[in-house]
Number of protein chains: 2
Amino acid sequence: MPTYSYNAPHLIEGVLAGNRRDLARTITLFESRNPDHQGIAAEVMRALSSHAGGALRIGITGVPGVGKSTFIESFGIHLVDRGHRVAVLAVDPSSRLSRGSIMGDKTRMEGLSRRDEAFIRPSPSGGTLGGVAARTREAMVACEAAGYDVILVETVGVGQSETTVKGMVDYFLLLMLAGAGDEIQGIKRGIMELADAVAITKSDGENRQAAERARSSYENALSLFSRERPVPVVTTSALDGEGLESLETILSDFYAEDKASGALGARRKKQQIAWLWELVEEGLMDRFKNAPKMSSLIDDMVSGVEKGEVFAGHAARRLLDRFSG
Amino acid sequence: MPTYSYNAPHLIEGVLAGNRRDLARTITLFESRNPDHQGIAAEVMRALSSHAGGALRIGITGVPGVGKSTFIESFGIHLVDRGHRVAVLAVDPSSRLSRGSIMGDKTRMEGLSRRDEAFIRPSPSGGTLGGVAARTREAMVACEAAGYDVILVETVGVGQSETTVKGMVDYFLLLMLAGAGDEIQGIKRGIMELADAVAITKSDGENRQAAERARSSYENALSLFSRERPVPVVTTSALDGEGLESLETILSDFYAEDKASGALGARRKKQQIAWLWELVEEGLMDRFKNAPKMSSLIDDMVSGVEKGEVFAGHAARRLLDRFSG
């Protein structure tokens, strides 16, 4: 495949003008692992950074089957109809491997993708969760520079990626199904903890009563544990649009309130600093694990600790001494 | 202060014989920062390690005011009366600073401390959470080698230390107060997530009904979120011993079940390996932050990211390059 040659000034101008093709190309540039692209990517990023930060950033998660794509499509269209420009991104570290990966198939958001005011981008594929998340953060900067004022970041709802996405969005929305309670066994208690708001999906037809019951029981449960701000629970339907307006109001009220109080800016600053240290930690561990002089000692120490023959504290000391020595 | 001189064979023999004074002295040795003590500490630790692992390890947390010391005292005495040997340790990174630190005052567990079958040791003081936790893990090894078959690890209930303690115990017990719901505002949702069992304290006299109501509402709430094993909620009273026997049964059933299935051994192995990597990570970050060549660049990058002038990804790359260069 010939190397595509990028033109930084052209891309920057295009993105700032809101050109979707240039935006897509810029994100592809950010995702590129071609060393020749690094310098130009850095240049474009620097230029766009100063135009970023203007969007309401919402993380969305829920177990497979909860109807995430359908929800995002209808919520996205609702927002576009209200005059917003909506970008949909994703963090799915499994996207290379599993066929069930989120948004692998754009046609699942066909209605939204046809709207000029919407931009949909599947998860960058491959690499570690940290790598995938870094690419998504960069894509978010580009989307904000292109004038999108709502960013929806979709994630898979089964593991670590939620915590990572929590670190890059302003609010986290958890999608849940109504029903006998069994279907939420898949949601880890830890994910519940991240939620700033909960939407019960598929509240239509015969399911409506069950959704209402689920709503009140989640609301009760959450009121036992929550801290600063109560976590609202809303029933929604992609069929008749139930709850979408309430959700929009809830989230934009949070946003306005936190902007006015300075909490939003403070939180974003904290997120950036935390992310900086995460990247440093990841980079250090990478270097440590891949240093040629380390590999056999790492194997020895891990197996010694596993067999209970070496105390972890001693193993760590020996490893660190070797690395610095 | 003259340096106390330790005799490794003597200490090892004493600890293995269950001598409490030698046990206390050994833990003091493990806590020592005197470089002259490192070699002998390592020798003692090596010898004791192979005799460790025989105790049921229980983490206990709850917000200040929940009656943690009182609970531990009565639960400890209950266990001793049933033929167990009980060690009480603590992880409290604040113990140097705050007067309200846990177990600063042994007299809070006067009855238990008078029992020959009990050993109580306050939190090691000073240092990072990681450092405090490492010392407590070492103390745990010594207590197990000394024949204690139940280890209670107390922690403060307000922050990171719970996650750390979760990584060193078999089960985590969360203490909660009955009441209007207001008092649990102090419990983070994340701590709830760690609980393998919940005990409502002070279920006596007029408080009994409220405790029962709290029990059923927590049980409901937890049933919505939990995964593998339901989280039992028990009402307890230090005054009349209510619930202590149930709790003992619940925890020892968990223990027997997990031992038989191999889940216990697998989990402990995983905890050790996870701890090894935590220590390595901590050590690497330490070296990174304290390297003379890093300090001014770290300041620059952090302030650049904070002001929004530098993208975190770029800052991390520059810092890592400097460190390796």
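In this predicted model, 5 residue pairs, both members at pLDDT 80 or more, are in polar contact between domain 1 and domain 2 of chain A. Three helices of chain A, α1 (8-16), α2 (20-31) and α3 (38-49), each give two or more residues to the side of domain 1 that touches domain 2. The largest share comes from α2(A), with 8 residues. By residue class, this side of domain 1 of chain A holds 8 nonpolar, 5 polar and 3 charged residues.

The two domains belong to a three-part assignment. Chain A is divided into domain 1 (1-51), domain 2 (53-259) and domain 3 (273-324). Contact between the first two involves 16 residues of domain 1 of chain A and 22 residues of domain 2 of chain A. Together, domain 1 and domain 2 of chain A bury about 1,500 Å². Carbon and sulfur atoms supply 60% of that area. Charged side chains also pair across this boundary. The count between domain 1 and domain 2 of chain A is 2 salt bridges. A salt bridge links A:Arg20 and A:Asp116. The closest N and O atoms of A:Arg20 and A:Asp116 lie 3.6 Å apart.

The contact between chains was examined next. In chain A, 56 residues are in contact with 56 residues of chain B. Chain A and chain B bury about 5,500 Å² between them. Of this area, 71% is on carbon and sulfur atoms.

Polar and charged pairs were counted here too. Between chain A and chain B, 2 residue pairs are in polar contact, with both residues at pLDDT 80 or more. The count of salt bridges between chain A and chain B is 2. A:Arg287 and B:Asp321 form a salt bridge through their side chains, with an N to O distance of 3.9 Å.

Several helices build the side of chain A that touches chain B. Those of chain A that give two or more residues are α3, α6 (129-145), α8 (189-194), α9 (208-225), α11 (263-290), α12 (295-306) and α13 (312-324). Among these, α11(A) gives the largest share, 15 residues. The side of chain A that touches chain B comprises 32 nonpolar, 12 polar and 12 charged residues.

One helix recurs in both settings. Helix α3 of chain A gives two or more residues to the side of domain 1 that touches domain 2, and α3 of chain A also gives two or more residues to the side that touches chain B.

Terms used: Residues are numbered from 1 along each chain as its sequence is written. Chains are lettered from A and ligands numbered from 1 in the order in which they are written. This is a predicted model: local features need pLDDT of at least 70, side-chain atom pairs count only at pLDDT 80 or more; totals for chains, interfaces and linings use all residues. Side-chain values use heavy atoms; hydrogens and water are left out. Domain bounds come from an automatic or database domain assignment. Contact means heavy atoms within 4.5 Å. Buried area is the accessible area (1.4 Å probe) that two parts lose on being put together, summed over both. A salt bridge is a side-chain nitrogen of Lys or Arg within 4 Å of a carboxyl oxygen of Asp or Glu. A polar contact is a pair of N or O atoms within 3.5 Å; within protein, one must be able to donate a hydrogen and the other to accept it, and residues adjacent in sequence count only if both atoms are side-chain atoms. Helices (H or I, at least four residues) and strands (E, at least two) are DSSP runs, numbered from the N terminus. Ala, Val, Leu, Ile, Met, Phe, Trp, Tyr, Cys and Pro count as nonpolar, Asp, Glu, Lys and Arg as charged, and the others, Gly among them, as polar.
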